[in-house]
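Reader: I am a first-year student and new to looking at structures like this one. Please pick one part and take me through it slowly, explaining each term as it comes up.

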Amino acid sequence: MNGLQAYQRVNTQTSITDADPHKLIQLLYNGAIERINMAKARMQAKDFEGKGKLITKAIEIIGGLRSFLDFEKGGDLAERLEGLYDYMERVLFEANAKNDVAKLDEVADLLRSIKEGWDGIREEAISQQRVG
């Protein structure tokens, strides 16, 4: 492992350790988007093994996001997000099988859109954690 990788690993572990629940979800969105972008680069470089590993990691992260859904409090929104996460996982499987950059872009765009909404409620989420 080179120095940069070691730094990134320590930096990531520190971010996760210090993260509140809202921040943890933000980190997951960032991680999924980052893995998809890296997979796209690996796909374009014809490194299909590396691409496959990165897409698999993105799918695992989306599964992690799904595990945070609270259907009791989230109701209809949680159900719609679960459907969207399921769709994204299927599109990523297809992108991997067909080496389809457009499908990677589609999922990255969906994740960015959801993340923007999540980022927009940060202050409200933090204030609710303090009250609760």
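Author: Let's begin where α2 begins. D20 caps the N-terminal end of this helix, with a side-chain oxygen 3.0 Å from the backbone nitrogen of H22. That is a polar contact, meaning a pair of N or O atoms within 3.5 Å; within protein, one must be able to donate a hydrogen and the other to accept it, and residues adjacent in sequence count only if both atoms are side-chain atoms. Helices here are DSSP runs (H or I, at least four residues; strands are E, at least two), numbered from the N terminus.

A word on what you are looking at: this is a predicted model, where local features need pLDDT of at least 70 and side-chain atom pairs count only at pLDDT 80 or more, while totals for chains, interfaces and linings use all residues. Residues are numbered from 1 along each chain as its sequence is written, and side-chain values use heavy atoms, with hydrogens and water left out.

Now follow α2 along its length. This helix has 24 residues and reaches 35 Å from its first C-alpha to its last. That is close to the 34 Å expected at 1.5 Å a residue, where the expected span is 1.5 Å times one less than the number of residues.

Which residues of α2 are buried? They are H22, I25, Q26, L28, Y29, G31, A32, I33, I36, A39 and M43. Buried means under 20% relative accessible area, exposed means over 50%, and partly exposed is in between (1.4 Å probe, protein chains only). When you look at the spacing in that list, keep a general point in mind. An α-helix has 3.6 residues a turn, so residues three or four places apart point the same way.

Next, see what α2 helps to build. The largest nonpolar core has 28 residues, and I36 is among those with the most contacts inside it, along with Y85, L92, L104, V107 and L111. A nonpolar core is a set of buried Ala, Val, Leu, Ile, Met, Phe, Trp, Tyr and Cys residues joined through side-chain atoms within 4.5 Å. α2 (21-44), α3 (48-67), α4 (71-98) and α5 (101-120) each supply at least two residues of this core, and the largest share, eight residues, comes from α2.

L104 is a good place to see this up close. Leaving out residues up to four places away in sequence, L104 touches I36, A39, K40 and M43, as well as I55, L92 and A95. Touching, or contact, means heavy atoms within 4.5 Å. From the other side of the picture, α2 is also one of the elements that cover the buried residues of α4.

What happens just after α2? There K46 takes a positive phi of about 60°, and this is a residue other than glycine. K46 sits in the loop between α2 and α3, and counts as exposed because its relative accessible area is 61%.

Finally, step back to the whole protein. There are six helices and zero strands, so α2 belongs to a chain that reads α-α-α-α-α-α along the sequence. Of its 132 residues, 30% are buried. Among contacts between residues at least 6 apart in sequence, 63% join residues at least 24 apart.
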